[in-house]
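Reader: Hi! I'm new to this one. Could you show it to me and then walk me through it?
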Number of protein chains: 2
Amino acid sequence: MIFSENDKFKPIMKEEEKLMERQTITIYDVAREAGVSMATVSRVVNGNPNVKPATRKKVLEVIERLDYRPNAVARGLASKKTTTVGVIIPDVSNIFFSSLARGIDDVATMYKYNIILANSDGDDQKEIQVLNNLLAKQVDGVIFMGMHITDALRGEFSRSKTPVVLASSIDPDDQVGSVNIDYKSATKEAVQLLADHGHQNIAFVSGSLLDPINGKERLIGYKEALQENELKYTEGLVFETKYEYKSGEQLAERILNCGVTAAYVVDDELAVGLTNGLTDRGIKIPEDFELITSNNSLLAEIARPSLTSISQPLYDIGAVSMRLLTKLMNKEEIDEKTVVLPHTIIQRDSTKA
Amino acid sequence: MIFSENDKFKPIMKEEEKLMERQTITIYDVAREAGVSMATVSRVVNGNPNVKPATRKKVLEVIERLDYRPNAVARGLASKKTTTVGVIIPDVSNIFFSSLARGIDDVATMYKYNIILANSDGDDQKEIQVLNNLLAKQVDGVIFMGMHITDALRGEFSRSKTPVVLASSIDPDDQVGSVNIDYKSATKEAVQLLADHGHQNIAFVSGSLLDPINGKERLIGYKEALQENELKYTEGLVFETKYEYKSGEQLAERILNCGVTAAYVVDDELAVGLTNGLTDRGIKIPEDFELITSNNSLLAEIARPSLTSISQPLYDIGAVSMRLLTKLMNKEEIDEKTVVLPHTIIQRDSTKA
DNA sequence: TTGACATATGCAAGCGTTTTTATTTCTTTT
DNA sequence: AAAAGAAATAAAAACGCTTGCATATGTCAA
């Protein structure tokens with residue numbers, strides 16, 4: 001009895017049933033319901049103008065009714081574009097990089113891209129592995145952040161057809177795009193300001209000097225500034241350490257022992273550590289010691305005393321990098337693959353007025 | 001003449017040419033070169049054990065030689081798994097969320113997933129839009145961070161078959177997974193500590209009370225602590241503001257005018273702002289004013305005085321959320337969809353010893 | 001040996017789109 | 001009213017892989 005009733009309904013419900021049971025509505029379902037071909041539905045979905053308004057309307061209604069959502073994976077396979085870009089970042093939880101990341105994502109969203117975010121810890125191995133992984137996922141482009149670009153990595157970059165932009169990272173030969181500030185000049189200005197205040201022993205506090213941004217840009221700027229002020233360059237005043245709060249704190253003692261009275265620091269976290277370390281030892285900033293940091297992140301503002309800083313427009317570097325990448329992906333004409341953004345120095349309380 | 005020469009070579013070079021010219025090596029190329037079927041290559045690539053070792057070796061060699069990389073998009077279409085999860089985050093550049101994100105990505109990597117990161121600014125509209133976008137990209141799961149879950153959003157969650165985990169966000173009915181600490185107890189303990197030090201007027205400084213985490217958890221804990229100490233609850237001591245450094249600074253004046261001598265603050269950035277604002281007005285912390293913050297991020301450590309804080313294990317919350325999501329995606333048995341991680345209070349210099 | 005099973009491999013049908021090519025339907029123009 | 005061209009639509013072949021099913025090969029006990 002029950003069975004026969006069910007059977008009676010079966011043929012009638014067949015189509016509806018199909019829709020209910022199948023978890024995913026496809027372009028084919030829409031086409032059938034709207035009485036057009038898949039091609040037409042595709043055109044409607046993609047905003048192709050070659051569709052009669054009446055047809056468009058009809059299709060749109062069915063899409064609405066069935067709650068159809070195009071499958072981006074199938075699209076990606078057919079069109080060979082994923083509208084996704086890979087972002088390789090040393091560490092998202094570092095405010096310097098996360099500021100860049102935010103700029104990247106905002107512009108990405110603006111151009112209808114999504115970002116796949118992958119942490120590398122700045123590890124050469126992981127960077128390559130992560131890059132290959134992203135390429136396997138068919139990202140349309142890659143934004144790379146990292147202090148240091150190995151030959152192996154550069155090799156991978158050029159081996160693939162996928163466009164790459166370096167955000168706040170320096171590459172000797174500019175095969176790929178990149179967005180930076182002029183680190184050499186910025187450093188020079190900062191050190192100049194310190195020299196103007198009469199300091200004789202100005203420290204250069206940095207991460208690894210092997211990283212081109214430190215060794216080939218900032219250090220040069222530091223040296224030039226010293227030279228122009230007739231100050232002698234001493235290796236003893238160059239401190240190579242990690243980009244960590246703790247490292248900065250620990251450095252305080254050593255730095256004081258060298259008779260240093262001013263420092264240029266390449267990283268905010270490090271700079272805050274040093275500031276706190278000095279303050280804890282009774283040093284008055286800026287009276288007894290002046291200090292300039294480099295990233296103008298929230299940390300520079302929050303620290304007490306607040307820190308005078310080079311202002312790298314972090315968000316903007318990210319945003320411009322992504323914008324550049326969109327052009328590259330779009331095969332547009334690029335006037336200049338390497339863009340240099342302006343920097344300034346924000347005076348706060350870690351230097352005298 | 002030239003033409004005929006070319007023609008002569010064509011048949012000979014045909015296969016090689018194909019390989020050179022076609023930018024992408026496919027599974028088909030590997031199969032042909034190795035003299036096996038695509039299915040076998042697929043099995044090798046996917047580590048399926050049903051392949052004779054000799055065959056496996058041969059295929060692997062060809063893969064190596066041709067530098068073949070499986071196309072994850074095609075794989076995704078065929079297998080209906082993308083090994084990608086979506087992460088909806090209010091703002092990556094906020095250290096609270098980026099700490100969570102780092103935990104998420106590390107565990108994701110561990111389980112061979114990638115994350116698509118999307119900023120929502122905590123905006124209800126954007127959250128839904130971003131979610132739909134991620135679902136269109138066929139992510140295998142979603143991790144959501146946000147202060148506040150609208151009905152619309154909850155609707156989208158339950159409408160899709162894709163598993164969702166809330167990281168450090170509260171949902172009344174637990175249809176989806178979530179990972180948190182016990183905000184009520186944590187707040188209660190913090191306020192209790194302040195009360196123990198004899199404070200009569202303890203402020204509750206928060207973001208929007210409409211966010212369940214504030215209004216339904218923390219505020220309750222605050223009230224309970226007051227009650228147990230026979231202190232009267234006054235609306236005037238509840239401050240609702242934004243999670244921003246500036247807001248905290250500006251709050252200092254108002255808070256002093258209310259005769260407050262201690263505060264529990266729900267966000268580190270806000271807390272540092274308040275601390276600096278108070279200090280700038282000559283208030284001595286902790287002698288004249290005690291303060292406890294909530295996230296134990298780097299900021300709490302960096303601030304001077306350093307801030308006593310509830311320690312939410314941010315990284316762990318992210319990591320556990322992702323781990324939970326892997327189980328959900330894998331359809332494993334889950335003992336408990338809602339996991340509550342332990343918290344502690346880290347005493348620093350913004351409270352008396 | 002042979003039959004019975006297990007193991008290894010191949011075949012081909014999807015997966016849900018885009019896109020090229022072909023076809024149909026409208027407009028014009030004369 | 002017919003021819004020609006433009007506009008709208010349909011048909012079907014990719015895209016690069018996975019996977020169920022069929023087939024082939026190998027192994028062992030009887």
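Author: Happy to. A term to begin with: Ala, Val, Leu, Ile, Met, Phe, Trp, Tyr, Cys and Pro count as nonpolar, Asp, Glu, Lys and Arg as charged, and the others, Gly among them, as polar. Also, a residue is near a molecule or strand if one of its heavy atoms lies within 4 Å of it. With that, the surface near DNA strand C divides into twelve nonpolar, eleven polar and five charged residues.

Reader: Thanks! Anything I should know about the model itself?
Author: The model is predicted, and local features need pLDDT of at least 70, side-chain atom pairs count only at pLDDT 80 or more, while totals for chains, interfaces and linings use all residues. Residues are numbered from 1 along each chain as its sequence is written, chains are lettered from A and ligands numbered from 1 in the order in which they are written, and side-chain values use heavy atoms, with hydrogens and water left out.

Reader: Back to DNA strand C, then. How many residues surround it, and which are the closest?
Author: There are 28 residues around DNA strand C, and the closest are Ile27(A), Ser42(A), Ser37(B), Arg43(B) and Thr55(B). Of the strand's atoms that come within 4 Å of the protein, 62% are accounted for by sugar and phosphate.

Reader: What does Arg43(B) reach on DNA strand C?
Author: A base oxygen: an N or O atom in the Arg43(B) side chain is 2.6 Å from it. That is a polar contact, meaning a pair of N or O atoms within 3.5 Å; within protein, one must be able to donate a hydrogen and the other to accept it, and residues adjacent in sequence count only if both atoms are side-chain atoms. Phosphate oxygens of DNA strand C are reached too, by a polar backbone atom of Ile27(A) at 2.6 Å and by a side-chain N or O atom of Arg75(A) at 2.9 Å.

Reader: Which helix gives the most to that surface?
Author: Helix 5 of chain A, with four residues. Helices (H or I, at least four residues) and strands (E, at least two) are DSSP runs, numbered from the N terminus.

Reader: And DNA strand D, which residues are closest there?
Author: Ser37(A), Thr55(A), Ile27(B), Ser42(B) and Tyr68(B), out of 28 residues that surround DNA strand D. A polar side-chain atom of Thr55(A) is 2.3 Å from a phosphate oxygen of DNA strand D, and for Ser37(A) a backbone N or O atom lies 2.6 Å from a phosphate oxygen. Helix 3 (38-45) and helix 5 (72-79), in chain A and in chain B, are the elements that give two or more residues to this surface.

Reader: New topic: how do chains A and B relate?
Author: A turn of 180° with a shift of 0.0 Å along the axis lays chain A on chain B with an RMSD of 0.1 Å, where copies are superposed by least squares on the C-alpha atoms of residues with pLDDT of at least 70 in both. That is the relation of a two-fold axis. In chain A, the C-alpha nearest the axis belongs to Ile116(A), 2.2 Å away.

Reader: Last one: what is the strand order of the open sheet in chain B?
Author: The order is 7-6-8-9-10-12, six strands with mixed pairing; two strands pair if DSSP finds at least two bridges between them. Its edge strands are strand 7 (238-240) and strand 12 (344-346), each pairing on one side only. Strand 6 (residues 202-206) runs parallel to strand 7, joined by three bridges, and Ser206(B) stands opposite Glu240(B).
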